[in-house]
Amino acid sequence: MNAIVKPQVPHVRPMRVEDLPEVLAIEVRAYEFPWTDGVFRDCFKAGYSLWVLESAVGILGYGVLSAAAQEAHVLNLCVAPEYQGQGHGRRLINRLVDLARWHQVERVFLEVRPSNHAAIALYHRSGFCEIGNRPNYYPARNGRREDAVVMARLLGLSVRQTQDWPAARAPPRRLRSLRASSSPRTAALNNCCG
Ligand SMILES: CC(C)(COP(=O)(O)OP(=O)(O)OC[C@H]1O[C@@H](n2cnc3c(N)ncnc32)[C@H](O)[C@@H]1OP(=O)(O)O)[C@@H](O)C(=O)NCCC(=O)NCCS
């Protein structure tokens with residue numbers, strides 16, 4: 001028998017393809033414009049890091065990070081609506097930042113809707129700062145588009161490898177950087193992030 005025992009205390013572990021039905025059930029409740037099953041599968045195929053926060057009741061939230069060429073990118077961070085406001089989002093973003101350090105990147109980027117005040121507050125409290133915006137980045141109601149706020153955090157030069165990340169597992173192969181550095185952005189980043 002190969003039963004999977006769910007942890008009593010919330011615990012972060014790698015997402016498995018078998019988790020996708022549970023993850024998608026959260027995704028469609030948490031977002032007005034949710035990722036599809038295919039988007040998550042593409043992230044697995046691309047070698048991105050997908051993690052879930054799980055407890056005895058099941059998956060509480062999850063995060064997706066890509067890392068390549070000195071940069072990491074938070075592609076998704078989500079806590080099930082009924083478990084929001086209990087520190088799980090903070091725990092997940094901290095773990096993604098920790099994972100980015102393990103990948104030895106210098107900067108972590110993310111995009112967020114300007115209307116998403118909870119997420120922006122979380123990212124500010126986690127050391128991210130706003131460095132620009134991307135016009136018409138997100139789909140919005142009535143066929144419109146919404147800008148994205150671009151946020152970033154510099155990780156500094158000291159690289160630490162935590163006990164939590166498997167030492168034997170090499171960082172994934174270098175992936176195409178999702179974000180090419182632009183000088184205004186780099187200047188903004190150097191000015192405000194620590
Ligand atoms: C954004 C999200 C991940 C936050 O997760 P969470 O578990 O609710 O957040 P936490 O309980 O860890 O809160 C951490 C910090 O976030 C901020 N925050 C969280 N919810 C907030 C809210 N409703 N309003 C304002 N700030 C909020 C606070 O600064 C909080 O710190 P504090 O309690 O010390 O003040 C969660 O709301 C979510 O999954 N939303 C839907 C998906 C989403 O929008 N993801 C972000 C995409 S960019």
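## A tour from strand β5 outwards

Select residues 107–112 to begin: this is strand β5, and because five of its six residues are buried, the strand is largely enclosed by the rest of the structure. Buried means that 20 or more other C-beta atoms, placed from the backbone, lie within 10 Å of the residue's own. Strands and helices here are DSSP runs numbered from the N terminus, with at least two residues (E) for a strand and at least four (H or I) for a helix.

The model is predicted: local features need pLDDT of at least 70, side-chain atom pairs count only at pLDDT 80 or more, and totals for chains, interfaces and linings use all residues. Residue numbers start from 1 along each chain as its sequence is written.

Next, add β4 (71–79). β4 and β5 pair in the parallel sense over four bridges; pairing requires at least two DSSP bridges between the strands. Look for H73, which stands opposite F109 in β5. Add α3 (88–102) to complete a right-handed β-α-β unit of β4, α3 and β5. Right-handed means that, with the strands pointing away from the viewer, the path from the first strand over the helix to the second runs clockwise.

Then select residues 145–154, strand β7, which pairs with β5 in the antiparallel sense over six bridges. Here L110 stands opposite M151.

Now show the whole sheet. It is open, with seven strands in the order β1-β2-β3-β4-β5-β7-β6 and mixed pairing. β1 (11–14) and β6 (129–139) are the edge strands, each pairing on one side only.

Finish at the ligand, which has 20 residues around it. Select Q84, G89, A118, A121 and L122, the ones that come nearest; a residue is near if its C-beta atom, placed from the backbone, lies within 6 Å of the molecule. Which elements each supply at least two residues of the shell? They are β4, α3 and α4 (117–125), and α4 gives the largest share, six residues. Coloured by class, the shell shows ten nonpolar, eight polar and two charged residues. Nonpolar covers Ala, Val, Leu, Ile, Met, Phe, Trp, Tyr, Cys and Pro; charged covers Asp, Glu, Lys and Arg; the others, Gly among them, count as polar.

Conventions. Buried ≥ 20, exposed ≤ 12 C-beta atoms within 10 Å, placed from the backbone.
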